[in-house]
Each structure stands twice: as structure tokens, then as C-alpha cells.
Amino acid sequence: MLPYQTLVVIEEKSDLSVYRQIANSLISLIQQGKIAPGTFLPGTRQMAGLIHVHRNTIINAYNELLVQNWIETLPRKGYRVILELPLVKPRSFRPGTNYDESLNDNDFPRHRLPQSGLPDIPSHIDRIIVNDGLPDIDLMPFKEIMKEYRMLVKSPELETILASGDNGGSVKLKNATCRFLNNSRGLNITPDKIMLTRGAQMAIFIAVGLLVSPGDEIVLSDPDYIMAGEIFKRAGAVIHRITADDDGINIDELEQLLSRKNIKLLYLVPHHHHPTTVTLSIGRRAKLLSLVNRFKFWIIEDDFDYDYQFKNKPILPLASGWHGGKIIYIGSFTKLLAPSFRLGYLVGPVDLIKQAIAYRRLIDTRGDVIMEEALAILIDTGRLDRHIKRSNKTYESRCELACRLISESLGHAVQFKKPDGGLAIWLKFNECYPLAKIISKAAAAGLVLAGSAYHIGEDKKHNGIRFGFASLSEDELYKAVAILKQVIA
Ligand SMILES: Cc1ncc(COP(=O)(O)O)c(C=O)c1O
């Protein structure tokens with residue numbers, strides 16, 4: 001008999017249960033040929049004695065091997081490793097065999113997408129992550145939403161909810177979103193003009209997929225939200241860029257393009273422009289609306305962080321003005337609840353919404369209906385509004401503090417403008433401080449600058465990065481700015 005007591009390895013600190021560890025050990029012994037096909041394994045009592053575990057643990061391990069077809073039971077004889085190990089069976093746990101070959105660019109019919117990743121930070125250093133502008137999960141109403149979720153799971157309504165048809169999201173949440181948008185943004189819409197999505201990102205993807213064909217001329221700003229730009233590139237659009245300044249995107253440049261070119265669509269983030277956080281001024285909004293009515297091009301209005309406006313005089317979205325149905329309005333609940341809470345919406349003409357629902361089905365049917373219904377309850381009971389008001393207060397004071405610290409400690413090295421709202425500050429480093437160096441030096445000191453960075457290729461002229469202040473505590477803000485000060489010293 002094989003020396004199972006030494007061959008079967010059990011690690012006390014492993015997250016895997018002991019019976020799984022035993023099963024995995026036996027599988028790898030079979031794979032390595034150390035236990036030959038046809039070998040009888042020791043009986044459960046004997047094996048338990050050999051490797052000093054309870055007999056039930058061995059019974060569970062053998063059951064696992066039976067389920068996975070590595071062994072069979074022979075009446076009155078015991079457990080035998082099956083005679084023929086089929087070649088093709090999902091049973092190899094050896095890493096690094098099949099998918100290690102790298103592909104070349106021709107394997108990807110469009111272009112390779114940029115990949116994101118955080119820089120390596122030495123493990124002994126406490127790290128602070130400055131993100132792109134995400135909400136603070138400590139402020140999120142998780143308990144409330146999970147309470148509603150649990151009640152729905154237990155309620156007699158559950159069956160109806162789960163069996164509901166796929167028509168652009170939960171009816172309750174579409175109704176609630178409709179009221180929410182009409183009350184907060186003056187959109188004046190009905191639920192048939194809304195489709196729910198898994199976040200604003202999916203809404204942008206769907207809108208572009210429906211409206212943009214290869215060769216269509218579209219307008220983005222420079223700089224712009226990178227993840228929207230990638231969608232337009234993949235759609236094969238011809239991209240024209242207009243500049244953005246302290247009043248938002250340059251509408252005169254847009255007008256010139258509209259007069260010279262056959263522009264199909266403009267994508268913009270009017271509150272607060274990504275990456276620069278600037279709010280499109282009222283004058284420019286009025287002019288943009290007049291251009292839509294004159295030139296009849298489409299606008300995708302990405303209003304992903306509308307609800308974070310610190311002044312008491314919020315500017316309404318473009319979509320609330322007169323545009324003859326040409327503005328596709330996109331928003332997000334992820335920025336109100338948590339980055340991984342994937343819910344957003346797309347608003348547009350009824351026909352477009354019907355197409356959008358059909359298009360979404362190609363990549364995702366239904367969505368998380370129970371979570372959608374739970375959120376509807378939060379909206380209908382006014383708790384989402386209260387959460388927005390509370391968060392705005394906290395974020396406004398964090399924004400004040402971040403701006404004060406940055407101007408005191410980094411004023412000589414960066415240009416920035418205090419935003420009117422949103423969750424991030426746009427930091428433009430002076431030319432003599434190349435962003436790539438700052439990012440890597442900061443990482444070595446425990447500060448991960450993970451916001452969208454504009455410093456490669458065409459973007460070199462911006463040398464800027466988004467500094468998400470909202471999810472950082474006061475203490476973290478002090479530490480983050482102190483590290484930056486030390487990095488640029
Ligand atoms: C400008 C802009 N639009 C859209 C999105 C996507 O938001 P969501 O998380 O709802 O998909 C983001 C994400 O940060 C963003 O910055």
C-alpha cells in the first residue's frame with residue numbers, strides 16, 4: 001500500500017475544507033500516475049486512521065471523488081480508481097496549461113483595449129487609494145437596501161417578481177426612476193421612455209451601438225471620458241474633438257464642425273465634465289440646445305453624477321430643455337450607492353427604448369430584478385433623497401478640505417479649480433512634474449493614484465489626473481496630500 005500518511009497533504013491554515021484537500025491530494029496522485037487506474041483505495045476507516053482524520057471526512061472526500069468520476073464503488077470490495085481515465089474531462093486542476101499562449105493583434109478584429117491595473121505597492125506599507133471619484137461606501141444605505149431585499153425574498157411577491165418579463169427592467173423601479181428624474185431634474189417623462197441598465201457605462205454602450213455606424217462622424221471633447229471614447233472607437237466612428245475650458249465644452253467649435261461636417265452625434269458630460277469636473281455654463285447650454293434644434297444631431301448626455309451638486313442652485317440637465325427627442329439622457333445609481341451596485345438608466349424616445357431593450361438582451365437579459373425592486377422602495381419612501389442630501393454635505397466638506405490642502409501643499413506644482421459638485425478634483429501638474437513619475441513615486445510611498453490619468457501620447461499636454469476626494473476620510477486626505485508633497489519635493 002502507498003504511504004498515504006505522507007502523500008496526502010493537509011494544510012491547517014488553508015481556506016479549503018479538510019475533505020476537499022484530501023480529495024484534491026488524491027486526484028493529483030491519480031493524475032501523476034502515483035495511484036494507478038484500478039487501484040483500490042484503503043477503506044474509509046483505514047484511511048481515516050492513516051491520516052488521522054475523522055472517518056466522515058474520508059467518506060466526504062471519497063464521495064467527492066465519486067461525484068467527479070475519479071473512483072467507483074464495487075459492491076463488497078471497496079473504492080477503486082476507475083480503469084480508464086478519459087482524456088477529455090473537466091478534472092485537471094493543474095494551472096497554466098491551456099490558455100498561456102499570447103495572441104497577436106490580428107486576433108482582435110478591432111483594436112486592443114487599454115487595460116487597467118493598480119501599481120504594485122510594497123506589502124509592508126499601508127496604502128491609500130485615490131480613485132477616479134467614487135462614493136464612500138461607509139456612507140451607503142446598505143443596511144436599508146439589504147433589509148428591503150431580504151423582505152422581498154421572503155414576500156409572497158417573490159414569485160411574480162422573478163417571473164416578470166424582460167422589458168427594460170423592473171416596472172416598479174422604472175416608475176420610481178421616472179418620478180425621481182421628473183422631480184429632481186424636470187425631465188417630464190413617462191416610464192416607457194426609460195430602460196434600466198447595469199450602470200451608466202452599459203447605457204453609453206447601448207446608445208452608441210444603436211446610433212453609431214462605422215464611418216459616422218461624432219464629436220467628443222479633448223480631454224474626455226476615456227471609457228466612452230473607447231466605445232466610439234470600437235464602433236468605427238470618425239471622432240472630432242473640441243476643447244473644454246472653465247465653462248465646459250467649447251460650443252463655438254462645435255458649431256463650426258456642425259456647419260462643415262455631417263455630424264451625427266455629440267457625447268458630453270455636462271455636470272461635471274469628465275475628467276475636468278467643470279459644469280457646462282448656462283449660456284453654453286442654451287446655445288447647445290439651439291444647435292440641436294437647428295442641426296438635428298443626436299446628443300448623448302452622460303449625467304452620471306448629477307445628484308452631487310454642492311450649491312443650492314442645481315442646473316437642470318440639457319434633456320429637460322426643448323430638444324425634439326434628440327437627447328439620450330444617461331444616469332447612474334452606482335454613484336449614489338456603491339461602484340459595484342450596478343444600476344443605471346437610459347432615457348430616450350419610445351422607439352429607441354424598444355430597440356435598446358432588444359439590444360441589451362444580446363448581452364444581458366433581465367438584470368437584478370430583486371435589487372431593482374428594493375431600490376424602488378428606497379426611492380418611493382424618500383430614503384434615497386435623504387441619503388443624497390446627507391452625502392452631499394459630507395462630500396462638500398471633504399472637497400473643501402482637499403482643495404485647501406492641495407493649494408497649501410501643492411499649489412506651486414498643480415493647477416486645479418474647486419468643483420461645484422461631483423466626487424473628484426482635476427489636478428493638472430505643471431510640465432516639470434511628469435505625471436508618470438509622480439504616479440510611480442507615490443505608489444512606492446503607499447499612495448495609489450488610481451484616477452483616470454491623462455499623460456500618454458496625445459494626452460501628454462494635459463499631464464492631469466482625477467483625484468477622487470469623496471471616498472477618503474479627513475485623515476486620509478491629509479495623508480494623501482502629504483505624500484504628494486513629499487513626492488514632488
Ligand atoms: C463620465 C462617466 N460616465 C459613466 C460612468 C459609468 O458609471 P457606472 O458606474 O454607473 O457604469 C463613469 C464612471 O465612473 C463616468 O465617470
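The shell around the ligand splits into 4 nonpolar, 6 polar and 2 charged residues. Here Ala, Val, Leu, Ile, Met, Phe, Trp, Tyr, Cys and Pro count as nonpolar, Asp, Glu, Lys and Arg as charged, and the others, Gly among them, as polar. Keep in mind that this is a predicted model: local features need pLDDT of at least 70, side-chain atom pairs count only at pLDDT 80 or more, and totals for chains, interfaces and linings use all residues. Residue numbers start from 1 along each chain, as its sequence is written.

**Around the ligand**
- Among the residues surrounding the ligand are Asp132, Tyr225, His274, Asp302 and Phe304. A residue is near a molecule if its C-beta atom, placed from the backbone, lies within 6 Å of it.

**The whole chain**
- The chain has 16 helices and 16 strands, which are DSSP runs numbered from the N terminus (helices: H or I, at least four residues; strands: E, at least two).
- The domain assignment, which is automatic or from a database, gives domain 1 (4-81), domain 2 (128-134 + 386-488) and domain 3 (140-385).
- Taken over C-alpha atoms, the centres of domain 1 and domain 2 are 55 Å apart.

**The eight-stranded sheet**
- Go across this open sheet of 8 strands and you meet β4-β11-β10-β9-β8-β5-β6-β7, with mixed pairing. Two strands pair if DSSP finds at least two bridges between them.
- Why do β4 (194-197) and β7 (248-249) each have one side without a neighbour in the sheet? They stand at the edges, each with a single partner strand, so one side is left free of a neighbour in the sheet.
- Strands β5 (residues 217-222) and β8 (residues 263-268) pair in the parallel sense over 3 bridges, and glutamate 217 stands opposite isoleucine 263 in β8.

**Strand β13**
- All set for a buried strand? In β13 (residues 424-429), 6 of the 6 residues are buried, so the strand is largely enclosed by the rest of the structure. Buried means that 20 or more other C-beta atoms lie within 10 Å of the residue's own, with C-beta atoms placed from the backbone.
- Both faces are covered: Ala424, Trp426 and Lys428 are buried on one side, and Ile425, Leu427 and Phe429 on the other.
- Strand β12 (residues 414-415) runs antiparallel to β13 and is joined to it by 2 bridges; valine 414 has phenylalanine 429 as its bridge partner.
- β13 also pairs with β16 (residues 464-468) in the antiparallel sense, over 5 bridges. There, isoleucine 425 has phenylalanine 467 in β16 as its bridge partner.

Methods. A residue is buried if 20 or more other C-beta atoms lie within 10 Å of its own, exposed if 12 or fewer, and partly exposed in between; C-beta atoms are placed from the backbone.
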